[in-house]
Amino acid sequence: MTAPWAVQAFKSLHWKKMLLGLFFYYFTVDGGYWLYWYAVKPEALVMREANFYASSCLYWLCGFIWLHNGSLKELLANPVIVTAQMARSVKSK
């Protein structure tokens, strides 16, 4: 739920929002993972680094997909045009 908001904050270069976006990113990708496994089974934290890389990719990918204001068909049809439209919408705000 925070991924599109964090992507928007970074794309628009709002510095104050970027700090909150970094917090959301960290907590979503690693903080929640660490809290859960620390309480349940601490030896599972050995995989923390691998999980961080995979979860980071998924977090930003989901953020960009959910930020798109249109259908999935439009997004897949021509991603270059959609990306340019998203960049223009961020600059106009």
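In this predicted model, 11 aromatic pairs are present. One of them joins Trp 5 and Phe 24 in an edge-to-face arrangement, with 5.6 Å from centre to centre and 75° between the planes. This pair connects distant parts of the chain, as Trp 5 belongs to helix α1 and Phe 24 to helix α2, 19 residues apart. Neither partner falls under the 20% limit for a buried residue: the relative accessible area is 32% for Trp 5 and 24% for Phe 24, and because the range between 20% and 50% counts as partly exposed, both residues are classed in that way.

Another aromatic pair is formed by Tyr 59 and Trp 60. The arrangement is again edge-to-face, with a centre-to-centre distance of 5.1 Å and an angle of 90° between the planes. The two residues of this pair fall into separate accessibility classes: Tyr 59 is buried, at a relative accessible area of 6%, whereas Trp 60 is partly exposed, at 23%. Tyr 59 and Trp 60 also belong to one aromatic cluster, together with Phe 10, Tyr 25, Phe 52 and Tyr 53.

Two members of this cluster, Tyr 25 and Tyr 59, recur in the largest nonpolar core, which has five residues. The other residues of the core are Ala 3, Ala 6 and Val 29. Helices α1 (3-12) and α2 (15-40) each supply at least two residues of this core. With residues up to four places away in sequence left out of the count, Ala 6 touches Gly 21, Tyr 59 and Trp 60. Ala 6 thus contacts both residues of the edge-to-face pair described above, of which Tyr 59 is itself a core residue. In soluble globular proteins, nonpolar side chains tend to be buried together.

Nonpolar side chains are also found on the surface, where Trp 5, Leu 20, Phe 23, Tyr 26, Phe 27, Trp 34, Leu 35 and Tyr 38 form a patch. Together these residues have about 790 Å² of accessible area. Helix α2 provides the largest share of the patch, seven residues, while Trp 5 lies in helix α1. Patch membership requires over 30% relative accessible area; Trp 5, at 32%, therefore meets this cut-off, although Trp 5 remains in the partly exposed class. Phe 24, the aromatic partner of Trp 5, has a relative accessible area of 24% and therefore does not reach the patch cut-off of over 30%. Trp 5 thus takes part both in the aromatic pair with Phe 24 and in the nonpolar surface patch.

Technical notes
Residues are numbered from 1 along each chain as its sequence is written. This is a predicted model: local features need pLDDT of at least 70, side-chain atom pairs count only at pLDDT 80 or more; totals for chains, interfaces and linings use all residues. Side-chain values use heavy atoms; hydrogens and water are left out. A nonpolar core is a set of buried Ala, Val, Leu, Ile, Met, Phe, Trp, Tyr and Cys residues joined through side-chain atoms within 4.5 Å. Buried means under 20% relative accessible area, exposed over 50%, partly exposed in between (1.4 Å probe, protein chains only). Helices (H or I, at least four residues) and strands (E, at least two) are DSSP runs, numbered from the N terminus. Contact means heavy atoms within 4.5 Å. Rings of Phe, Tyr and Trp (its six-membered ring) pair if their centres lie within 6.5 Å; planes under 30 degrees apart count as stacked, over 60 as edge-to-face and the rest as tilted. Patches are made of residues with over 30% relative accessible area and no salt bridge: like charges are joined within 9 Å, nonpolar side chains (Val, Leu, Ile, Met, Phe, Trp, Tyr) within 5 Å. Accessible areas come from the Shrake-Rupley method with a 1.4 Å probe; for residues, only the protein chains shown count as cover. A salt bridge is a side-chain nitrogen of Lys or Arg within 4 Å of a carboxyl oxygen of Asp or Glu.
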